[in-house]
Amino acid sequence: MPSEQLIINQWLHLLAGLNHKALSLCAWLLIAFCSIAPLEKLFTLRRQRIFRKDFIPDLWYFFFNGLFPAFLLVVINDLVIFGFQAILPAQWFTWVQSTPLGFRIAAILLASDLGFYWAHRWMHENPFLWRFHCIHHCPTQVDWLVATRAHPLEIVYLRTFSFIPMFALGLVDVSAGKSETYTLLLVVINTFWGIFIHANVNLRFGWLEGVIATPHFHHWHHANDNPTVINKNYAALFPIYDRLFGTLYQPKKIYPTKYGISTYFPDGFLSQLIYPLVWLFHRPKSPSSPASRQEPEQFEE
Ligand SMILES: [Zn+2]
Ligand SMILES: [Zn+2]
C-alpha cells in the first residue's frame, strides 16, 4: 500500500505548487480563448454574448477544477497503480512496453475513452450521480468554457475511470514511474478536445464525424429538445462507443434547438457544489429522472 508519508509528500508538493499552477492556468485560459474565440466568431452556431450568463461561475469552475481535484486524484492513482502492480505479472508490463509507442498511445486513448463512456453514462442513469453531473448540463447556452464546468468530485470520478483501463491493460509501465507523463497527456488531450467540442461553432467534418467527436456530436449530448434526443453521445473522443452501445445520435444537418435541463437547479457556485451532497441527508421521494430530465422533485416533509 502507498505509505502515508508518500501521500503527505505528494500533497505538500501540490500545495507548494498552487501559486505556479494558478498562473499556468491563466496562461492556458488565454491560449484556449485565443484559439477558440476566433473560431466562434467566424463559424458562429448561435448568436450569444462571449460574456454570457454564467460566464463568471464557469471561470470559477475552470480554476477550482484545475487546482483541487488533483489532491484526491494522487491518492486514488497511487492505490490503483499499487493494485495493478500487485495483480499483473512483471512479464506483462515488459511485453506491452515492447510494442511501438504509437500503438500504445492509440491504445491508451481508446481504452480511456471506453472507461469515460461508461462512467459518463452511469452519471446520466443513476439519480445520485446525475445530481453531480447536472452542473455540466444546466447551461442553456453552450460554448467552450462549459467544457470545464463540472463538480470537482465529478472530475475525480471521470478521470479515475479514464485512467483505470490504461493501468489495467498495463499500457503504462508503473514500475518505471512514467504514469504521471501519461495521465498528464490524457488530461491535456481530453481538456483541449473537450473545449473544442463545446465551442459555439457550426463546423462539420464529413466522414470524420463517425471517427472522432466533434462540436455537432457533443452539442447533441447537451440537447434538451425532447425526451427522444437526450442521453445520447456519451463518448469524449470516439463516437464508435456510442454506435456500439446504442446511444449514437447524429442527424445529418440539424443542431439542437434547446440546451439545459428542465428540473430545479440552484444558482451560485457554492450552492451548486453543495447541492449533490444534500441528497445524502434530504433524499427526494420521487427523484428527478435523468432519463427524462422533466419530472419535478418532491421532497419528503
Ligand atoms: Zn453528460
Ligand atoms: Zn459537455
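Colleague: At roughly what angle do the axes of helix 6 and helix 8 cross, and within what distance do they come?

Modeller: In this predicted model, the axes of helix 6 (residues 101-125) and helix 8 (residues 152-168) come within 7 Å and cross at roughly 140°.

Colleague: Why is helix 6 called oblique to helix 8?

Modeller: Angles over 145 degrees count as roughly antiparallel and those from 65 to 115 as roughly perpendicular, and the crossing angle here is roughly 140°, which makes helix 6 oblique to helix 8. The crossing of these two helices is right-handed.

Colleague: Which residues of helix 6 and helix 8 meet?

Modeller: On the side of helix 6 they include Ile-108, Leu-114, Phe-116 and Trp-118, and on the side of helix 8 they include Tyr-157, Phe-161, Ile-164 and Met-166. The residues of this contact divide into 13 nonpolar, 4 polar and no charged.

Colleague: What makes helix 2 and helix 3 oblique to each other?

Modeller: The axes of helix 2 (residues 18-42) and helix 3 (residues 55-67) come within 10 Å and cross at roughly 135°, and since that angle is neither over 145 degrees nor from 65 to 115, the two helices are therefore oblique to each other. Their crossing, too, is right-handed. Leu-18, Lys-21, Ala-22, Leu-25 and Leu-29 in helix 2 are in contact with Phe-62, Phe-63, Gly-66 and Leu-67 in helix 3, and these residues divide into 7 nonpolar, 1 polar and 1 charged.

Colleague: How do you know that helix 1 lies largely in the open?

Modeller: A residue counts as buried if 20 or more other C-beta atoms lie within 10 Å of its own, and the number buried among the 13 residues of helix 1 is 0, so this helix lies largely in the open. As for its length, at 1.5 Å a residue helix 1 (residues 4-16) should span 18 Å, and its end C-alpha atoms are 18 Å apart, which agrees.

Colleague: Why is Tyr-255 called partly exposed?

Modeller: The partly exposed class lies between 12 or fewer neighbours, which is exposed, and 20 or more, which is buried, so Tyr-255, with 14 C-beta neighbours inside 10 Å, counts as partly exposed. Tyr-255 is placed in the loop between helix 11 (240-244) and helix 12 (269-278), and, leaving aside residues up to four places away in sequence, Tyr-255 touches Leu-45, His-216 and His-219.

Colleague: What makes Pro-127 partly exposed?

Modeller: Pro-127, which is in helix 7 (residues 127-137), has 16 C-beta neighbours inside 10 Å and therefore counts as partly exposed. The C-alpha atoms of Pro-127 and Trp-279 are separated by 9.8 Å, although these residues are 152 residues apart along the chain.

Notes. Residues are numbered from 1 along each chain as its sequence is written. Chains are lettered from A and ligands numbered from 1 in the order in which they are written. This is a predicted model: local features need pLDDT of at least 70, side-chain atom pairs count only at pLDDT 80 or more; totals for chains, interfaces and linings use all residues. Axes are lines fitted to C-alpha atoms, for helices over the stretch in contact, and angles run from 0 to 180 degrees between N-to-C directions. Helices (H or I, at least four residues) and strands (E, at least two) are DSSP runs, numbered from the N terminus. Angles under 35 degrees count as roughly parallel, over 145 as roughly antiparallel, 65 to 115 as roughly perpendicular and the rest as oblique. A crossing is left-handed if the near helix is turned anticlockwise from the far one by less than a right angle, and right-handed if clockwise. Two residues are in contact if their C-beta atoms, placed from the backbone, lie within 7 Å. Ala, Val, Leu, Ile, Met, Phe, Trp, Tyr, Cys and Pro count as nonpolar, Asp, Glu, Lys and Arg as charged, and the others, Gly among them, as polar. The expected span of a helix is 1.5 Å times one less than its number of residues.
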